Amino acid sequence: MGGVDASDSEWVTTELQDKWMGMSEDEADSLKSDDDAAVEDQNVVDDQAESNASLVEMDPVQAALSARIMYQEASLKKRARRIEEMRLKLQRYEPGQWLVESGGMRKSDFAIPEVTTLLVVGSMGAGKSTLINNLIRVLNNKSQDFDRAQVCGDPGENGTYFLNEYMLNESKNNICVFDSRGMPELKVADGLEVLEDWMVKGVRHGQMVIRTSDSSRVKEAVERKARQGHHKLSKKRHINFVIFVINATTVHKIRHSGDTLSRPNFLRIFKFPLITFKDDRPVVVMTHGDELSEDDRLAARIYLGNLLGVSPVDHVFDIAGFTGRVMEDGDQCAENDLLLLDMLEYALQRADRNLPYKPTLLGTVKLVGLFYTFNHI
């Protein structure tokens, strides 16, 4: 990997010594930080040049997408120095703040919720719960006590059988995310039936997730557990946007094996009409990419975007989630944390821009339509 060689380092040290003469301690520290940042930027440029060399043998379209993604990653490294600004921006978020007034409609004409509600969907093991825990960790700048969502479940039982609500912004409690039962990989229709119910009727914390294909033993066990809680007392939320999570290793296997079973199944979930808001499809989070080589990870992201019909650059977020219970100093990756915040901002923006009109306004529109029809008979 490129960078500053030994002679460059000696020259920088000598020049810094000359510059520091007569400076205050604060000025010297500031100058050193600027020079360190310049060296880091040069390392990024050298890494980019190395990566560009590998693009020559690629298909032209794939090479162009790869180049854009690598440029995006280089930019992310620079922006990561200012992650606190992004964190503060999202901590100050208010539902409806990205609502766009158009077509003569005013902000007051829309049904702006007290809490913006996001739903996380994906198969079991995709990393849904890990994603939620990391969103809580990064948004609230926590190093412990952030593992709220249940990360592991019994593979034989498909994990949790209840919807769980988690407030992401602890300072305001105005962004919540629902963790859901893993979507079935075989009987997708059963999963879509439940998903339709959530999208149309709303969701509650502690709500049972039972499918038609579940055995009587499973149904009895879930209903028995449900009697211990009072989910009907929980506030009903209407979903404002959806986060679709998929494991990068799954994408990698499909890409190489041409899996004719998994591929159409997760496509059916992603393209399910009720989780699309106008023209906005769910934001895609590709997890576990750190388990692949850099080339395979990049190829999986591009393949996934093309398969889903979305931009692999702007619509697919390649996020490796931290899975520990306590984060130590060496565990933190500022670039990955910033990417989490970028994804959350993307979801909130589209949630706000797709808010429904107020029911009273819709009633007025219908009355006006009836009046117009009556007078033109």
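## Strand 3, its sheet and three salt bridges

Strand 3, residues 175-179, is mostly covered, as five of its five residues are buried. The model described here is predicted. Within strand 3, Ile 175, Val 177 and Asp 179 point one way, while Cys 176 and Phe 178 point the other way. The residues on both sides of the strand are buried, Asp 179 and Phe 178 among them.

### Neighbours of strand 3

Strands of a sheet pair through backbone hydrogen bonds, either parallel or antiparallel. Strand 3 has a partner of each kind. Strand 1 (residues 116-121) runs parallel to strand 3, and five bridges join the two. Opposite Cys 176 of strand 3 stands Thr 117. Strand 2 (residues 164-167) pairs with strand 3 in the antiparallel sense, over four bridges. Here Glu 165 has Phe 178 of strand 3 as its bridge partner. Cys 176 and Phe 178 point to one side of strand 3.

### The whole sheet

These strands belong to an open sheet of six strands with mixed pairing, in the order 2-3-1-4-5-6. Its edges are strand 2 and strand 6 (316-318), each of which pairs on one side only. From one strand to the next, the twist averages 25°.

Strand 6 is joined to strand 5 (residues 283-287) by three bridges, and these two strands run parallel. Val 284 and Val 316, the latter in strand 6, stand opposite each other. Helix 8 (residues 248-257) packs on the sheet and touches strand 4 (241-247) as well as strand 5. The direction of helix 8 makes about 60° with that of strand 4.

### Salt bridges

Side chains of opposite charge can pair when their charged atoms come close. Across the whole structure, a search finds 13 salt bridges. The table gives three examples, with the distance from N to O.

| Pair | N to O distance |
|---|---|
| Glu 85 and Arg 82 | 3.0 Å |
| Lys 89 and Glu 345 | 2.5 Å |
| Asp 197 and Lys 201 | 3.2 Å |

How exposed are the two members of the pair Glu 85 and Arg 82? Glu 85 has a relative accessible area of 47% and is partly exposed. Arg 82 has a relative accessibility of 53%, so this residue counts as exposed.

Which parts of the chain does the salt bridge between Lys 89 and Glu 345 tie together? Lys 89 lies in helix 4 (residues 83-91) and Glu 345 in helix 11 (residues 334-353), so the salt bridge links parts that are 256 residues apart in sequence. Lys 89 counts as partly exposed, at 40% relative accessibility. Glu 345, in contrast, is buried, with a relative accessible area of 11%.

The pair Asp 197 and Lys 201 sits within helix 6 (residues 188-201). Because these residues are four apart in that helix, about one helical turn separates Asp 197 from Lys 201. Asp 197 is partly exposed, with 29% relative accessible area, and Lys 201 counts as exposed at 53% relative accessibility.

Notes:
Residues numbered from 1 in each chain as written. Predicted model: local features only at pLDDT ≥ 70, side-chain atom pairs only at ≥ 80, totals over all residues. Heavy atoms only, no water. Buried < 20%, exposed > 50% of the residue type's maximum accessible area, 1.4 Å probe, protein only. Pairing = 2+ DSSP bridges. Axes fitted to C-alpha atoms, helices over the stretch in contact; angles between N-to-C directions. Contact = heavy atoms within 4.5 Å. Salt bridge = Lys/Arg side-chain N within 4 Å of Asp/Glu carboxyl O.
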